[in-house]
Amino acid sequence: MKDRIRQLEHIARALEPDLAQRQALQKPVLAYAEDFLEDLHNLPAYRTTPDKGEGIYRAAIGEEPISPEQALALLAESVDRPGLNPASGGHLGYIPGGGIYFSALADYLADVTNRYAGVFFASPGAVRMENLLLRWMADLVGYPQGASGNLTSGGSIANLIGIVTAREAFGLRAADIPRAVVYLTAHAHHSLQKALRIAGLQEAVLRTVAMDERFRMRPEALQEAIEKDRKDGLIPWLLIASAGTTDTGAVDPLQELGDIAARFQLWFHVDGAYGGFFMLCAEGKKILRGIHSSDSIVMDPHKSLFLPYGSGAVLVRDQQKLIGAHYSQANYMQDAQTSREEAAPADLSPELTKHFRGLRLWLPLQLLGLKPFRAALEEKLLLARYFYEEIQKVEGFEVGPYPDLSVVTYRYVPQHGDADQFNRKLVEAVQKDGRVFISSTQIDGRFTLRMAILVFRTHLETIDLAIQILREKAAEIASR
Ligand SMILES: *Cc1c(COP(=O)(O)O)cnc(C)c1O
């Protein structure tokens, strides 16, 4: 047996490169990253390739290794060429972020040291780091002491945690579900309906509340709906507001909605996956007034804090509610129970073992301080307003409502012919050009263009370039 163990050890040691081997690996990997960053301003925001990444199948997973150069070549050709380039400042399509480099270094350290961030006993420091970050966010939104939360992989999971917490805190039983009512607008993010379904709440009543002309929930309409539902014997349970809808960036009137939720004792959940961190600038704070009156909030560092993908967060006003919905125990973890000075992610979320994702948020905040984040967010707000003003000056373009945050809706209105068709062609032409990437949506049944400005690398010249491209492409299509 010992011989076999030795033999296996010899092969398994490939898992542990020595210093020289590590350095040999680092060199091409770092060079790849540096080439990407140095070349980024030349790279298209969107690119189609004939094989759409199929080359990845050319190297099937097998017994024998391939070289780092081969692996990086596959990555370059099949992954980093086709499709959207979310790191590009020209990404003006979905709600982007960009991915700051400081987090990449933090991920590297987190992966090398592999601290166990789920349980206090295992890594009190990593748990305290997450708690510090959540406390910082709680202060930012104006939550009291006793608030808590969780760093998640993204906004969808954060919304799911918020909804499960709301369900448990309210004591909703299976028999109550068909009478339980959820209030939201037609522009609420689709991850919320997905979360309701996953949480076993598909049979709950979804009440789509009317919006004003700027796509914000109308408080009087909400109150009327709640009163009627009560009269009809239903159970008004959950109010979901958007702090920045994905479609138009609209912020629901949080203060007024919070008052209504309190009066009728609803759980008030705010989806700020996109807009939450605009609390960091004075302008955003005004727009998000009343966010503190909620019971739970979602905000995505991988959106409005510019982190690489894989970082969302949920905050809950009352930690006991979050624990009540997620706490669990196991015999084999009895040692871990003896040292629990602070609540840890495993007590507060569906996860047990988790990526030490606090570090990718902590390191940039510490190394940069808050100033550049505040500046970048205000810059994005102003760029959206700038685009809103400038695109109207281009013959043929009309805009949607004045932007609350950093999304602007607009469209081209041709002299004759079908406007929807024209705008569809316009998006295609801009995407094909590739220097910037824009997206579209349906608003009131009309094909509408969206300018979503949130990559930290997007600046004034990017917006000017986008306007120039839109002008050129629109003229080209109009003259066909
Ligand atoms: C992006 C977004 C989500 C979903 O977050 P993910 O991080 O993509 O899972 C939820 N709500 C809003 C308003 C969003 O913009």
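## Close-ups around strand E13

**View 1. Strands E12 and E13 lie side by side in this predicted model.** Strand E12 (residues 439-443) pairs with E13 in the antiparallel sense, over 5 bridges. To find your way into this pairing, look for Gln442, which stands opposite Phe447 in E13. The two strands form a hairpin with 2 residues between them. In the turn you will meet Asp444, which has a positive phi of about 50 degrees.

**View 2. Strand E11 also joins E13.** Here the partner is E11 (residues 407-412), linked to E13 by 4 bridges, and these strands run antiparallel. A handy pair to look for is Tyr410 and its bridge partner in E13, Leu449.

**View 3. Strand E13 is mostly covered.** E13 takes in residues 446-452, and 6 of its 7 residues are buried. As a reminder for viewing, side chains in a regular strand alternate between the two faces of the sheet.

**View 4. Stepping back, the chain has 18 helices and 13 strands.** Its radius of gyration is 25 Å, close to the 23 Å that the globule rule gives for 480 residues, so the chain is as compact as a globular protein of that length. Along the principal axes, the C-alpha trace spans about 80 × 60 × 40 Å. Buried residues make up 49% of the 480 residues. Of the contacts between residues at least 6 apart in sequence, 75% join residues at least 24 apart.

**View 5. The surface and the charges round off the tour.** The accessible surface of the chain comes to about 23,600 Å², with 53% belonging to carbon and sulfur atoms. There are 52 positive and 59 negative side chains, and the centres of these two sets lie 2 Å apart.

Conventions. Residues numbered from 1 in each chain as written. Predicted model: local features only at pLDDT ≥ 70, side-chain atom pairs only at ≥ 80, totals over all residues. Heavy atoms only, no water. Buried < 20%, exposed > 50% of the residue type's maximum accessible area, 1.4 Å probe, protein only. Pairing = 2+ DSSP bridges. Rg over C-alpha atoms; globule rule 2.2 N^0.38 Å. Contact = heavy atoms within 4.5 Å. Areas by Shrake-Rupley, 256 points an atom, 1.4 Å probe, with all protein chains shown as cover. Lys, Arg positive; Asp, Glu negative; His and termini not counted. Charge placed at Lys NZ, Arg CZ, Asp CG, Glu CD.
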